[in-house]
Amino acid sequence: MNQSLLIRRPDDWHLHLRDGAMLNAICGYSAHFGRAIIMPNLVPPVVTGEQARSYRSRILAALQKHVTLRPLMTLYLTETTDPADVVQAHRDGVIAAVKLYPAGATTNSASGVRDFNKVRPVFEAMAEAGIPLCVHGEVTDPDIDIFDREAVFIDRVLDPIRRKTPGLRVIMEHITTSDGADYVRSQDNLGATITTHHLVINRNHILVGGIKPHYYCLPVAKRESHRIALRQAATSGDPRFFLGTDSAPHPDHAKESACGCAGCFTAPNTMSILAHVFEEDGALDRLEKFASLNGAAFYGLPANDDTIRLVRRDTPATYPAKVPAGDDEVTVFDPGFPLYWHVEDNA
Ligand code: DOR
Ligand code: ZN
(Lines give C-alpha, C1' and ligand atoms only; values in the text may rest on other atoms or scores of the structure.)
(Ligands and ions follow the chains in the order given, each with its own letter.)
Protein backbone atom coordinates (compact mmCIF):
# COMPACT_ATOMS: atom_id res chain seq x y z
CA MET A 1 0.00 0.00 0.00
CA ASN A 2 1.17 3.52 -0.72
CA GLN A 3 2.31 5.42 2.35
CA SER A 4 0.69 8.81 2.63
CA LEU A 5 1.36 11.89 4.73
CA LEU A 6 -1.00 14.84 5.09
CA ILE A 7 0.70 18.05 6.26
CA ARG A 8 -0.28 21.68 6.57
CA ARG A 9 0.64 23.56 3.42
CA PRO A 10 4.38 24.34 3.70
CA ASP A 11 5.99 27.78 3.45
CA ASP A 12 9.35 28.74 2.00
CA TRP A 13 11.08 31.21 4.32
CA HIS A 14 13.87 32.06 1.81
CA LEU A 15 13.22 32.20 -1.91
CA HIS A 16 14.68 33.96 -4.96
CA LEU A 17 11.99 34.69 -7.54
CA ARG A 18 14.08 37.15 -9.63
CA ASP A 19 12.29 39.49 -12.04
CA GLY A 20 11.18 39.83 -15.67
CA ALA A 21 11.35 36.73 -17.90
CA MET A 22 12.99 34.61 -15.20
CA LEU A 23 10.27 35.48 -12.67
CA ASN A 24 7.57 34.56 -15.16
CA ALA A 25 9.27 31.30 -16.02
CA ILE A 26 9.98 29.99 -12.53
CA CYS A 27 7.45 31.39 -10.03
CA GLY A 28 4.92 28.60 -10.73
CA TYR A 29 7.36 25.99 -9.40
CA SER A 30 6.80 27.35 -5.88
CA ALA A 31 3.01 27.19 -6.18
CA HIS A 32 2.55 24.42 -3.62
CA PHE A 33 3.96 26.70 -0.91
CA GLY A 34 1.54 28.92 1.01
CA ARG A 35 3.90 31.84 1.62
CA ALA A 36 7.45 32.67 0.68
CA ILE A 37 9.92 35.21 1.99
CA ILE A 38 11.19 36.86 -1.18
CA MET A 39 14.82 37.87 -1.35
CA PRO A 40 15.56 41.44 -2.47
CA ASN A 41 18.89 40.93 -4.30
CA LEU A 42 17.70 42.12 -7.69
CA VAL A 43 19.78 44.38 -9.93
CA PRO A 44 19.33 47.08 -8.65
CA PRO A 45 18.36 45.76 -5.21
CA VAL A 46 15.00 46.35 -3.51
CA VAL A 47 15.99 48.99 -0.97
CA THR A 48 12.88 51.10 -0.26
CA GLY A 49 9.32 50.34 0.80
CA GLU A 50 8.13 51.75 -2.52
CA GLN A 51 10.39 49.40 -4.50
CA ALA A 52 9.19 46.43 -2.42
CA ARG A 53 5.58 47.37 -3.17
CA SER A 54 6.29 47.57 -6.87
CA TYR A 55 8.26 44.27 -6.89
CA ARG A 56 5.37 42.59 -5.06
CA SER A 57 2.95 43.77 -7.78
CA ARG A 58 5.20 42.30 -10.48
CA ILE A 59 5.33 38.99 -8.60
CA LEU A 60 1.56 38.89 -8.12
CA ALA A 61 1.07 39.61 -11.83
CA ALA A 62 3.48 36.80 -12.74
CA LEU A 63 1.87 34.38 -10.29
CA GLN A 64 -1.67 34.85 -11.68
CA LYS A 65 -2.99 31.31 -11.68
CA HIS A 66 -0.66 30.18 -8.88
CA VAL A 67 -2.58 32.41 -6.51
CA THR A 68 -2.03 30.39 -3.36
CA LEU A 69 1.58 31.57 -3.07
CA ARG A 70 1.66 34.76 -1.03
CA PRO A 71 4.93 36.68 -1.41
CA LEU A 72 6.27 38.19 1.83
CA MET A 73 8.63 40.94 0.83
CA THR A 74 11.99 41.96 2.29
CA LEU A 75 14.12 45.08 2.04
CA TYR A 76 17.80 44.94 1.18
CA LEU A 77 19.71 46.70 3.95
CA THR A 78 22.28 49.30 2.86
CA GLU A 79 24.35 51.77 4.83
CA THR A 80 21.91 54.50 3.79
CA THR A 81 18.65 52.68 4.64
CA ASP A 82 16.24 55.02 6.39
CA PRO A 83 14.89 53.44 9.61
CA ALA A 84 11.61 55.36 9.22
CA ASP A 85 11.04 53.89 5.73
CA VAL A 86 11.60 50.36 7.07
CA VAL A 87 9.18 50.84 9.95
CA GLN A 88 6.55 52.42 7.69
CA ALA A 89 6.83 49.64 5.07
CA HIS A 90 6.35 47.07 7.82
CA ARG A 91 3.43 48.96 9.35
CA ASP A 92 1.80 49.15 5.90
CA GLY A 93 2.12 45.38 5.51
CA VAL A 94 4.49 45.75 2.54
CA ILE A 95 7.49 43.97 4.09
CA ALA A 96 7.85 41.08 6.51
CA ALA A 97 11.60 41.38 7.16
CA VAL A 98 14.88 43.09 6.25
CA LYS A 99 17.81 41.24 4.68
CA LEU A 100 21.41 41.86 5.66
CA TYR A 101 24.05 40.99 3.08
CA PRO A 102 27.64 41.72 4.04
CA ALA A 103 28.97 43.63 1.00
CA GLY A 104 30.49 41.22 -1.50
CA ALA A 105 29.32 38.03 0.23
CA THR A 106 27.21 36.65 -2.61
CA THR A 107 25.17 37.28 -5.79
CA ASN A 108 24.31 40.99 -6.19
CA SER A 109 25.55 41.95 -2.73
CA ALA A 110 27.78 44.89 -3.75
CA SER A 111 25.35 47.36 -2.13
CA GLY A 112 25.40 45.43 1.15
CA VAL A 113 26.84 46.52 4.48
CA ARG A 114 30.56 47.13 5.12
CA ASP A 115 30.43 48.97 8.43
CA PHE A 116 27.84 47.36 10.69
CA ASN A 117 27.87 50.36 13.06
CA LYS A 118 26.33 52.46 10.29
CA VAL A 119 23.14 50.38 10.32
CA ARG A 120 22.73 50.27 14.10
CA PRO A 121 19.87 52.84 14.03
CA VAL A 122 17.99 50.57 11.61
CA PHE A 123 18.52 47.57 13.92
CA GLU A 124 17.29 49.59 16.90
CA ALA A 125 14.15 50.67 15.03
CA MET A 126 13.53 47.09 13.89
CA ALA A 127 13.88 45.72 17.42
CA GLU A 128 11.43 48.34 18.65
CA ALA A 129 8.90 47.56 15.90
CA GLY A 130 9.39 43.77 16.05
CA ILE A 131 10.71 43.47 12.48
CA PRO A 132 12.89 40.38 11.94
CA LEU A 133 16.35 40.58 10.38
CA CYS A 134 17.32 37.85 7.89
CA VAL A 135 21.09 37.48 7.80
CA HIS A 136 23.46 36.10 5.17
CA GLY A 137 26.02 34.89 7.68
CA GLU A 138 29.42 34.93 6.03
CA VAL A 139 32.38 37.26 6.50
CA THR A 140 33.97 38.58 3.34
CA ASP A 141 37.51 39.02 4.70
CA PRO A 142 39.80 37.59 1.99
CA ASP A 143 42.06 36.16 4.72
CA ILE A 144 39.28 33.86 5.95
CA ASP A 145 38.96 30.51 4.22
CA ILE A 146 35.61 30.17 2.44
CA PHE A 147 34.77 27.06 4.49
CA ASP A 148 35.26 29.00 7.76
CA ARG A 149 33.34 32.13 6.83
CA GLU A 150 30.10 31.20 8.60
CA ALA A 151 31.73 30.31 11.91
CA VAL A 152 33.86 33.46 11.87
CA PHE A 153 30.81 35.60 11.02
CA ILE A 154 29.05 34.38 14.17
CA ASP A 155 31.94 35.47 16.39
CA ARG A 156 32.99 38.65 14.65
CA VAL A 157 29.71 40.08 13.36
CA LEU A 158 26.50 38.38 14.45
CA ASP A 159 27.13 37.97 18.14
CA PRO A 160 28.29 41.60 18.58
CA ILE A 161 25.24 42.89 16.64
CA ARG A 162 22.88 40.85 18.80
CA ARG A 163 24.57 41.93 22.04
CA LYS A 164 24.26 45.59 21.07
CA THR A 165 20.59 45.24 20.06
CA PRO A 166 19.29 42.41 22.26
CA GLY A 167 15.63 42.79 21.26
CA LEU A 168 16.35 42.20 17.57
CA ARG A 169 14.82 38.98 16.20
CA VAL A 170 17.30 37.38 13.81
CA ILE A 171 17.09 34.54 11.32
CA MET A 172 20.42 33.07 10.30
CA GLU A 173 19.66 32.20 6.71
CA HIS A 174 20.76 28.93 5.12
CA ILE A 175 23.04 27.68 7.91
CA THR A 176 25.65 25.23 6.65
CA THR A 177 27.64 24.27 9.74
CA SER A 178 27.31 22.64 13.15
CA ASP A 179 28.66 25.96 14.49
CA GLY A 180 25.59 27.71 13.08
CA ALA A 181 23.17 25.13 14.49
CA ASP A 182 24.86 25.18 17.92
CA TYR A 183 24.82 28.97 18.08
CA VAL A 184 21.10 29.06 17.24
CA ARG A 185 20.36 26.52 19.99
CA SER A 186 22.28 28.54 22.57
CA GLN A 187 20.48 31.86 22.07
CA ASP A 188 17.12 33.59 22.43
CA ASN A 189 15.42 35.60 19.68
CA LEU A 190 17.27 33.58 17.06
CA GLY A 191 16.10 31.11 14.42
CA ALA A 192 17.63 29.58 11.30
CA THR A 193 16.53 28.47 7.90
CA ILE A 194 18.03 25.34 6.37
CA THR A 195 17.94 24.65 2.63
CA THR A 196 16.93 21.42 0.99
CA HIS A 197 20.23 21.05 -0.85
CA HIS A 198 22.39 21.47 2.27
CA LEU A 199 20.59 18.44 3.74
CA VAL A 200 21.65 16.41 0.69
CA ILE A 201 25.09 17.48 -0.54
CA ASN A 202 28.47 18.02 1.06
CA ARG A 203 31.53 19.60 -0.55
CA ASN A 204 32.57 16.33 -2.19
CA HIS A 205 29.46 16.52 -4.36
CA ILE A 206 30.77 19.79 -5.80
CA LEU A 207 34.39 18.81 -6.33
CA VAL A 208 34.96 15.04 -6.62
CA GLY A 209 35.10 13.54 -10.11
CA GLY A 210 34.94 16.92 -11.88
CA ILE A 211 33.55 20.28 -10.86
CA LYS A 212 29.72 20.34 -10.62
CA PRO A 213 28.54 23.92 -11.05
CA HIS A 214 24.91 23.09 -10.29
CA TYR A 215 25.91 22.09 -6.74
CA TYR A 216 27.71 25.38 -6.15
CA CYS A 217 25.85 27.80 -3.91
CA LEU A 218 26.66 30.23 -1.11
CA PRO A 219 27.28 29.56 1.67
CA VAL A 220 29.11 26.69 -0.02
CA ALA A 221 28.31 23.15 1.19
CA LYS A 222 30.74 22.04 3.89
CA ARG A 223 32.20 18.67 4.99
CA GLU A 224 29.99 15.67 5.77
CA SER A 225 29.93 16.16 9.56
CA HIS A 226 28.27 19.53 9.02
CA ARG A 227 25.66 18.07 6.68
CA ILE A 228 24.81 15.51 9.36
CA ALA A 229 24.52 18.29 11.96
CA LEU A 230 22.08 20.11 9.66
CA ARG A 231 20.05 16.92 9.20
CA GLN A 232 19.85 16.54 12.99
CA ALA A 233 18.73 20.15 13.43
CA ALA A 234 16.11 20.00 10.64
CA THR A 235 14.64 16.64 11.64
CA SER A 236 14.67 17.35 15.39
CA GLY A 237 11.40 19.28 15.42
CA ASP A 238 13.19 22.10 17.31
CA PRO A 239 11.05 25.21 16.59
CA ARG A 240 14.12 27.33 15.89
CA PHE A 241 14.87 25.48 12.61
CA PHE A 242 12.69 25.79 9.53
CA LEU A 243 12.69 25.46 5.76
CA GLY A 244 14.10 28.20 3.56
CA THR A 245 14.93 26.61 0.23
CA ASP A 246 17.16 29.44 -1.07
CA SER A 247 16.00 28.17 -4.46
CA ALA A 248 18.08 30.47 -6.66
CA PRO A 249 17.73 30.03 -10.42
CA HIS A 250 20.46 31.15 -12.81
CA PRO A 251 20.55 30.52 -16.56
CA ASP A 252 22.70 27.48 -17.32
CA HIS A 253 25.23 29.56 -19.27
CA ALA A 254 25.87 31.64 -16.12
CA LYS A 255 26.44 28.53 -13.98
CA GLU A 256 28.42 26.50 -16.54
CA SER A 257 31.08 29.16 -16.92
CA ALA A 258 34.70 29.89 -15.99
CA CYS A 259 33.26 31.98 -13.14
CA GLY A 260 29.96 30.30 -12.36
CA CYS A 261 27.18 31.88 -10.29
CA ALA A 262 26.15 30.54 -6.89
CA GLY A 263 22.69 29.01 -6.49
CA CYS A 264 20.73 25.76 -6.64
CA PHE A 265 17.26 25.69 -8.19
CA THR A 266 15.32 23.40 -5.87
CA ALA A 267 11.79 24.81 -6.05
CA PRO A 268 10.32 22.07 -8.30
CA ASN A 269 11.36 19.00 -6.30
CA THR A 270 11.97 20.34 -2.78
CA MET A 271 9.04 18.65 -1.02
CA SER A 272 9.80 15.26 -2.61
CA ILE A 273 13.43 15.54 -1.53
CA LEU A 274 12.51 16.59 2.00
CA ALA A 275 10.11 13.68 2.41
CA HIS A 276 12.91 11.33 1.29
CA VAL A 277 15.37 12.92 3.76
CA PHE A 278 12.96 12.86 6.72
CA GLU A 279 11.95 9.26 5.96
CA GLU A 280 15.60 8.22 5.78
CA ASP A 281 16.17 9.76 9.22
CA GLY A 282 13.03 8.19 10.75
CA ALA A 283 11.50 11.66 11.20
CA LEU A 284 8.55 11.80 8.80
CA ASP A 285 6.34 12.82 11.71
CA ARG A 286 8.48 15.96 12.13
CA LEU A 287 8.49 17.09 8.49
CA GLU A 288 5.40 19.23 9.09
CA LYS A 289 7.14 21.10 11.90
CA PHE A 290 10.15 21.90 9.72
CA ALA A 291 8.29 22.79 6.52
CA SER A 292 4.92 24.10 7.71
CA LEU A 293 4.80 25.08 11.40
CA ASN A 294 8.10 26.31 12.89
CA GLY A 295 8.75 29.16 10.44
CA ALA A 296 5.27 30.63 10.70
CA ALA A 297 5.50 30.54 14.49
CA PHE A 298 8.90 32.26 14.43
CA TYR A 299 7.50 35.03 12.21
CA GLY A 300 4.46 35.33 14.52
CA LEU A 301 2.06 34.14 11.80
CA PRO A 302 -0.56 31.38 11.87
CA ALA A 303 0.10 28.11 10.05
CA ASN A 304 -1.63 27.76 6.69
CA ASP A 305 -5.25 26.52 6.91
CA ASP A 306 -5.04 24.03 4.08
CA THR A 307 -2.93 20.95 3.48
CA ILE A 308 -0.91 19.04 0.91
CA ARG A 309 -0.53 15.28 0.71
CA LEU A 310 2.74 13.46 0.14
CA VAL A 311 2.35 9.94 -1.22
CA ARG A 312 5.14 7.37 -1.44
CA ARG A 313 4.67 5.36 -4.63
CA ASP A 314 6.58 2.44 -6.14
CA THR A 315 7.55 4.50 -9.15
CA PRO A 316 9.61 7.67 -8.78
CA ALA A 317 8.15 11.11 -9.37
CA THR A 318 9.53 12.69 -12.51
CA TYR A 319 10.85 16.21 -12.53
CA PRO A 320 12.36 17.95 -15.54
CA ALA A 321 16.17 18.09 -15.58
CA LYS A 322 15.92 21.63 -16.94
CA VAL A 323 13.15 24.19 -17.25
CA PRO A 324 12.89 26.87 -19.95
CA ALA A 325 13.32 30.51 -18.89
CA GLY A 326 12.95 33.01 -21.72
CA ASP A 327 15.78 32.26 -24.15
CA ASP A 328 17.63 30.31 -21.47
CA GLU A 329 17.32 27.11 -19.48
CA VAL A 330 17.68 26.52 -15.75
CA THR A 331 18.90 23.20 -14.40
CA VAL A 332 16.79 21.70 -11.61
CA PHE A 333 18.72 20.46 -8.56
CA ASP A 334 19.52 16.74 -8.90
CA PRO A 335 19.52 15.08 -5.45
CA GLY A 336 21.26 12.01 -6.89
CA PHE A 337 18.58 9.53 -5.79
CA PRO A 338 15.12 8.62 -7.09
CA LEU A 339 12.22 10.51 -5.52
CA TYR A 340 9.43 8.13 -4.54
CA TRP A 341 7.48 10.78 -2.63
CA HIS A 342 4.93 12.49 -4.88
CA VAL A 343 3.33 15.82 -3.97
CA GLU A 344 -0.45 15.85 -4.29
CA ASP A 345 -1.89 19.31 -3.96
CA ASN A 346 -5.64 19.95 -3.38
CA ALA A 347 -5.53 17.38 -0.59
O1 DOR B 1 23.69 30.37 -3.63
C2 DOR B 1 23.20 31.48 -3.50
N3 DOR B 1 22.50 32.09 -4.47
N4 DOR B 1 23.40 32.11 -2.34
C5 DOR B 1 23.02 33.38 -2.15
O6 DOR B 1 23.24 33.90 -1.08
C7 DOR B 1 22.41 34.16 -3.25
C8 DOR B 1 21.77 33.28 -4.23
C9 DOR B 1 21.41 33.98 -5.51
O10 DOR B 1 20.80 35.06 -5.47
O11 DOR B 1 21.71 33.44 -6.58
ZN1 ZN C 1 19.42 33.31 -0.87
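Two residues are said to be in contact here when heavy atoms of theirs lie within 4.5 Å. With that in hand, welcome to a short tour of this structure, which is a predicted model.

**Thr270 and its surroundings**

By this rule, and not counting residues up to four places away in sequence, Thr270 touches Phe33, Thr196, Leu243 and Thr245. Thr270 sits in helix α10, which covers residues 270-280. Is Thr270 buried or exposed? Its relative accessibility is 0%, so Thr270 counts as buried. Its side chain also has a polar partner: a polar atom there lies 2.6 Å from the backbone oxygen of Thr266.

**Glu138, a buried acid**

Now to Glu138, which is found in the loop between β6 (133-135) and α5 (149-164). In general, side chains of opposite charge can pair when their charged atoms come close. A salt bridge here needs a side-chain nitrogen of Lys or Arg within 4 Å of a carboxyl oxygen of Asp or Glu. Which side chain of opposite charge is nearest to Glu138? That is Lys222, at 4.9 Å, and Glu138 has no salt bridge although it is buried. The side chain of Glu138 does make a polar contact, at 2.8 Å, with the side chain of His136. Leaving aside neighbours within four places in sequence, Glu138 is in contact with several residues, among them Pro102, Ala105, Phe153 and Leu218. Arg149 is also one of the residues in contact with Glu138.

**Around ligand 1**

Leu218 turns up again at the ligand, as one of the closest residues to ligand 1, together with Arg18, Asn41, His250 and Ala262. In total, 13 residues surround ligand 1. Oxygen atoms of the ligand have polar partners on the protein. One such distance is 2.8 Å, from a ligand oxygen to an N or O atom in the side chain of Asn41. For the side chain of His16 the corresponding distance is 3.4 Å. With Gly263 the partner is a polar backbone atom, 3.3 Å from an oxygen of ligand 1. How much of ligand 1 does the protein bury? Taken alone the ligand exposes 290 Å², and the protein buries 100% of that.

**Salt bridges**

The model's count comes to 17 salt bridges. Here are a few, with the distance between N and O atoms.

| Acidic residue | Basic residue | N to O distance |
|---|---|---|
| Glu50 | Arg53 | 3.9 Å |
| Asp92 | Arg53 | 3.6 Å |
| Asp159 | Arg163 | 2.7 Å |

Arg53 appears with two partners. Glu50 and Arg53 both belong to helix α2 (residues 49-63), where they are three residues apart, about one turn of the helix. Glu50 has a relative accessible area of 53%, so it is exposed, while Arg53, at 34%, is partly exposed. Asp92 is at 41% relative accessibility and therefore counts as partly exposed.

The bridge between Arg53 and Asp92 (3.6 Å) links distant parts of the chain, 39 residues apart: Arg53 is in helix α2 and Asp92 in the loop between α3 (83-91) and β5 (95-100).

In helix α5, Asp159 and Arg163 are separated by about one helical turn because they are four residues apart. Asp159 counts as buried at 13% relative accessibility, whereas Arg163 counts as exposed at 64%. Elsewhere, Arg9, Asp306 and Asp345 are joined into one network by salt bridges that share partners.

Notes: Residues numbered from 1 in each chain as written. Chains lettered and ligands numbered in written order. Predicted model: local features only at pLDDT ≥ 70, side-chain atom pairs only at ≥ 80, totals over all residues. Heavy atoms only, no water. Helix = DSSP H or I, 4+ residues; strand = E, 2+ residues; numbered from the N terminus. Buried < 20%, exposed > 50% of the residue type's maximum accessible area, 1.4 Å probe, protein only. Lys, Arg positive; Asp, Glu negative; His and termini not counted. Polar contact = N/O pair within 3.5 Å; in protein donor to acceptor, adjacent residues only side chain to side chain. Near = heavy atom within 4 Å. Areas by Shrake-Rupley, 256 points an atom, 1.4 Å probe, with all protein chains shown as cover.
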